[in-house]
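Ready for some practice in reading a protein structure? Take a look at the sequence and the 3D view, then try each exercise before reading its solution.

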Amino acid sequence: MRIAMIGLGRMGANIARRLMRGGHEIVAFDRNEPAVAELAGEGAIAASSVPEIIGKFDGGPRIFWIMLPAGAPTEDTITQLMDLASPGDILIDGGNSFYKDDIRRAKACREKDLHYVDVGTSGGVWGLERGYCMMIGGDKETVDLLDPIFNTLAPGYGTIPCTEGRDAPDARAERGYIHAGPAGAGHFVKMVHNGIEYGLMQAYAEGFDVLKGRASDKLPEEERFDIDLPDVAEVWRRGSVISSWLLDLTAIGLAKDRNLEQFTGRVADSGEGHWTIDAAMEEAVPVYVLSAALFARYRSRVDTTFGDKLLSAMRFGFGGHVEMPQ
């Protein structure tokens, strides 16, 4: 299939590369011209503007995948595409948009006989090799039409055994992607995914902070332990009930620098944690851990701890995310 990839940042470029490796054709556009040139050198069809993308398709339906930061960059690009696209064309937002924006955009697209699909995409900078976990919202007919794209991007069965007792007619979840529901459902599921991620990361950060603090000279001498944090992270990766990819990234960060000197501990957030808590309030669902994890990030911008540095190290590890400026 031929897909226009609009936005060639950390994830957009690698999504395009994985699709090309799977035999799909990519029309590449980004305001950063060197990024377009680099992907064109790997086999993509270069475009110098959004209007030029339209002419790079022989027929329809055209597929436009927008991989831009949430907010104005995504909103402006979708508005522009809606004016340029033809009936039957498909707009995919694979970034981290707010799900209520998806619902609004899908309605506007339907009025122009366009199809809108939202894809909550997890995988970060590792997705090129590992594949991407995807949570998809949109009408069934369009999502089914796009299945070859999602199947190429997904991790596949890999080495993870099937869940014992699971008997589901749809195997897509086991391959790493789901059709979550109508427009907005994909980003809603991804939003909650990211809220949970905040809580998991905070738990690791606080735990390792406690381990590091045991060497404090404020404690009785016989109760002080100089614990090797890289060793703890490594042993917990192997057979522990708290093993995870986030712990893998923690181990990598500590192996490179046990004191995490390159990080200030001023932890940024991209909005999904806030949105998750807003959704929980709408539903009257208590989310103690997720709320505390979000507020801990706010606190880190005033008073930092070693645990905050660990949070930054994990965010950099999976997504290349940088810290808040001083």
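Here are four exercises, each with a worked solution.

This is a predicted model, where local features need pLDDT of at least 70, side-chain atom pairs count only at pLDDT 80 or more, and totals for chains, interfaces and linings use all residues. Residues are numbered from 1 along each chain as its sequence is written, and side-chain values use heavy atoms, with hydrogens and water left out.

**Exercise 1. The overall shape**

Work out whether the radius of gyration of the chain agrees or disagrees with that of a compact globule.

Solution. Start with the rule: the radius is taken over C-alpha atoms, and a globule is expected to have 2.2 Å times the number of residues to the power 0.38. For 326 residues this gives a value near 20 Å, and the chain has 22 Å, so the two agree. Next, look at the extent: the C-alpha trace spans about 75 × 45 × 40 Å along its principal axes. Finally, the secondary structure consists of 15 helices and eight strands; helices (H or I, at least four residues) and strands (E, at least two) are DSSP runs, numbered from the N terminus.

**Exercise 2. A covered helix**

Find which residues of α1 are buried.

Solution. First fix the terms: buried means under 20% relative accessible area, exposed over 50%, and partly exposed in between (1.4 Å probe, protein chains only). Helix α1 covers residues 12–21, and nine of its 10 residues are buried. They are G12, A13, N14, I15, A16, R17, R18, L19 and M20. Just after α1 comes G23, with a positive phi of about 95°. For comparison, 47% of the 326 residues of the chain count as buried.

**Exercise 3. Cysteines**

How many disulfides does the structure hold?

Solution. A disulfide is a pair of cysteine sulfur atoms within 2.5 Å. By this test the structure holds zero disulfides. Take C133 as a case: its nearest cysteine sulfur, that of C162, is 16 Å away. C133 is partly exposed because its relative accessible area is 34%. C109, in turn, counts as buried because its relative accessibility is 0%.

**Exercise 4. One loop residue**

Describe where S86 lies and what S86 touches.

Solution. Begin with the position: S86 is in the loop between α4 (72–84) and β5 (90–93). Then check the cover: at 28% relative accessibility, S86 counts as partly exposed. Now list the contacts (heavy atoms within 4.5 Å). Not counting residues up to four places away in sequence, S86 touches R62 and L114. As a last step, consider H321, 235 residues apart from S86 along the chain: their C-alpha atoms are separated by 36 Å.
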